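Here is a structure to walk through from the inside out. Have the viewer open, and follow along one site at a time.

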Amino acid sequence: MVVCPQADCGSSNVADLPHYWQSLPAESPLKPKYAPPAGGAASYWASLAVVALGIVTAASGAVGLGLAVVVAGVVWGALVFRRSAKAAARLDVWRGSHVCLACTRRF
Ligand SMILES: [Zn+2]
């Protein structure tokens, strides 16, 4: 059984944060407070398009410029990937969180 870790609370009246959030009515002022963290919408396609553009540029003769564009696209893609991985980790933490219904502490 999960109990609240708050020293002066210790209540067992604890809810799963995702379930609690879903059960809140849309007009509840608490709805945004307990909302899941915003996931970084992964725009892999844009960085992939830049890589493709770089390959086309390199193939059409401007090899140096084309390679530079390819590298820029790959670096951009890596940044997008890292950001979305961090967002996914935050979402995992949110999914595993609880909320105490006695003192409203999140843990
Ligand atoms: Zn509590």
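Which residues coordinate the zinc ion? Cys 4, Cys 9, Cys 100 and Cys 103 do, each through its SG atom, at 2.2 to 2.3 Å. A donor here is an N, O or S atom within 2.8 Å of the metal (3.2 Å for Na, K and Ca), and water is not among the atoms, so sites may look incomplete.

Before going on, some ground rules: this is a predicted model, where local features need pLDDT of at least 70 and side-chain atom pairs count only at pLDDT 80 or more, while totals for chains, interfaces and linings use all residues. Residues are numbered from 1 along each chain as its sequence is written, and side-chain values use heavy atoms, with hydrogens and water left out.

Back to the metal. The angles among the four donor atoms run from 105 to 116 degrees, and the site is tetrahedral; four donors earn that label if all angles lie between 85 and 135 degrees. For reference, the ideal angle for four tetrahedral donors is 109.5 degrees. Along the sequence, the donor residues follow the spacing C-x4-C-x90-C-x2-C. Cys 9 and Cys 100 link distant parts of the chain, 91 residues apart: Cys 9 sits in the segment before strand 1 (14-16), and Cys 100 in strand 2 (residues 98-100). Helices (H or I, at least four residues) and strands (E, at least two) are DSSP runs, numbered from the N terminus.

How accessible are these cysteines? Cys 100 counts as buried at 1% relative accessibility, and Cys 4 is buried too, at 4%. Cys 9 is partly exposed, with 27%. The cut-offs are under 20% for buried, over 50% for exposed and partly exposed in between, using a 1.4 Å probe and protein chains only. As for disulfides, a search of the whole structure finds zero, the criterion being a pair of cysteine sulfur atoms within 2.5 Å.

Just past the metal site, look at Thr 104, in the segment after strand 2. Its phi is near 65 degrees, a positive value in a residue other than glycine. Most residues other than glycine have a negative phi. Thr 104 is partly exposed, with a relative accessible area of 45%.

Now move to helix 3 (residues 63-95), where you'll find Val 71. Val 71 is exposed at 51% and joins Val 75, Trp 76 and Leu 79 in a nonpolar patch on the surface, with about 370 Å² of accessible area together. Patches take residues with over 30% relative accessible area and no salt bridge, joining like charges within 9 Å and nonpolar side chains (Val, Leu, Ile, Met, Phe, Trp, Tyr) within 5 Å. The areas come from the Shrake-Rupley method with a 1.4 Å probe, and for residues only the protein chains shown count as cover.

Ala 72 is in helix 3 as well, and is partly exposed at 41%. Its C-alpha atom is separated by 7.7 Å from that of Val 51, 21 residues apart along the chain.

What about charged pairs? The structure holds one salt bridge, meaning a side-chain nitrogen of Lys or Arg within 4 Å of a carboxyl oxygen of Asp or Glu. Asp 92 and Arg 95 form it, at 3.4 Å from N to O. Both lie in helix 3, three residues apart, about one turn of the helix. Asp 92 is exposed, at 51%.

Definitions and conventions: Tetrahedral: all angles 85-135°; square planar, octahedral: opposite > 155°, others 65-115°.
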